[in-house]
Amino acid sequence: MFSIVSFYMLGSLLLGFAAWVLPLISLLRKKRPGPFCAVSFGLCSISLLFQIFYTQHLVNIRDWAAIEDTHGAVSFAAVVMFSVTAVLQLLAFAAAKRRR
């Protein structure tokens, strides 16, 4: 069955992927990047929020070993997620500025 933990993990992955795809769509379609980047930033934020909720779930069930095992990877993935999203958005805005 599909549990809330699965929802957090799958939701985080899908929202993170969508946060990366939207600025790329903006670049390829040569549309105004503002709306795409705003939604992309929101999706990135929700994706990272799901990771926080997942960690809270681990705290609630007192699975300290899982927290210790995954905390470093989750922190690294959060930095990568935010950094790549920011770089893609900056590229979309720079490309839009050059097109004018």
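Select Val74 to begin: in this predicted model, Val74 lies in helix α3. With a relative accessible area of 24%, Val74 is partly exposed. Now pick Ser12 as well and draw a line between the two C-alpha atoms. These residues are 62 apart along the chain, and their C-alpha atoms are separated by 11 Å.

**From Val74 to Gln51**

Next, select Gln51, which is in helix α2. Is Gln51 buried or exposed? Its relative accessible area is 16%, so Gln51 is buried. Leaving aside residues up to four places away in sequence, show what Gln51 touches: Met9, Ser12 and Val74. Val74 and Ser12 are thus both on display again, this time as contacts of Gln51.

**Helices α2 and α3 side by side**

Colour residues 33-60, which make up α2, and then α3. How do the axes of these two helices cross? They come within 10 Å and cross at roughly 175°. That crossing makes α2 roughly antiparallel to α3. To see the contact itself, show the side chains on both helices. On α2, select Pro33, Gly34, Cys37, Ser40, Phe41, Cys44, Leu48, Gln51, Thr55, Leu58 and Val59. On α3, the partners are Trp64, Ala66, Ile67, Val74, Ala78, Met81, Phe82, Thr85, Gln89, Ala92, Phe93 and Ala96. Colour this set by residue class and you will find 17 nonpolar, six polar and no charged residues in the contact of α2 with α3.

**A stop at Thr85**

Zoom in on Thr85, one of the α3 residues in that contact. Helix α3 covers residues 64-99, and Thr85 is within that range. Thr85 counts as buried because its relative accessibility is 2%, and the cut-off for buried is under 20%. Which side chain makes a polar contact with the side chain of Thr85? It is that of Trp20, at 3.1 Å. Widen the selection to the residues Thr85 touches, again skipping those up to four places away in sequence, and you will have Ala19, Trp20, Ser40 and Cys44.

**Along α2**

Hide the other helices for a moment and look at α2 alone. Its 28 residues should span 40 Å at 1.5 Å a residue, and the end C-alpha atoms are 40 Å apart, which agrees. Now highlight the buried residues of α2: Pro33, Cys37, Ser40, Leu43, Cys44, Ser47, Phe50, Gln51, Tyr54 and Leu58. Bring the other helices back, and you can see these buried residues pack against α1 and α3.

Pro35 is also in α2, and it makes a useful contrast to the buried set. With a relative accessible area of 43%, Pro35 is partly exposed. Measure from Pro35 to Leu22 in your viewer: the two are 13 residues apart along the chain, with 9.4 Å between their C-alpha atoms.

**Off the end of α2**

Follow the chain into the loop between α2 and α3, where you will find Arg62. What is the phi of Arg62? It is positive, at about 60°, although Arg62 is not a glycine. Show the surface here, too: at 62% relative accessibility, Arg62 counts as exposed.

**Helix α1**

Turn to α1, residues 4-29. At 1.5 Å a residue its 26 residues should span 38 Å, and the end C-alpha atoms are 36 Å apart, which agrees. Select the buried residues of α1: Tyr8, Gly11, Ser12, Gly16, Ala19, Leu22, Pro23 and Ser26. They pack against α2 and α3. Two names here have come up already: Ser12 is touched by Gln51, and Ala19 is touched by Thr85.

Stay on α1 and pick Ile25. Ile25 is partly exposed, with a relative accessible area of 28%. From Ile25 to Val39 is 14 residues in sequence and 12 Å in space, C-alpha to C-alpha.

**Last stop: Lys30 and Ala95**

Step just past α1 to Lys30, which takes a positive phi of about 55°. Then add Ala95, in helix α3. Ala95 counts as buried, at 14% relative accessibility. How many residues apart in sequence are Ala95 and Lys30? The answer is 65, while their C-alpha atoms are 8.3 Å apart in space.

Key:
Residues numbered from 1 in each chain as written. Predicted model: local features only at pLDDT ≥ 70, side-chain atom pairs only at ≥ 80, totals over all residues. Heavy atoms only, no water. Helix = DSSP H or I, 4+ residues; strand = E, 2+ residues; numbered from the N terminus. Buried < 20%, exposed > 50% of the residue type's maximum accessible area, 1.4 Å probe, protein only. Polar contact = N/O pair within 3.5 Å; in protein donor to acceptor, adjacent residues only side chain to side chain. Contact = heavy atoms within 4.5 Å. Axes fitted to C-alpha atoms, helices over the stretch in contact; angles between N-to-C directions. Parallel < 35°, antiparallel > 145°, perpendicular 65-115°, else oblique. Nonpolar A, V, L, I, M, F, W, Y, C, P; charged D, E, K, R; others polar. Expected span 1.5 Å × (residues − 1).
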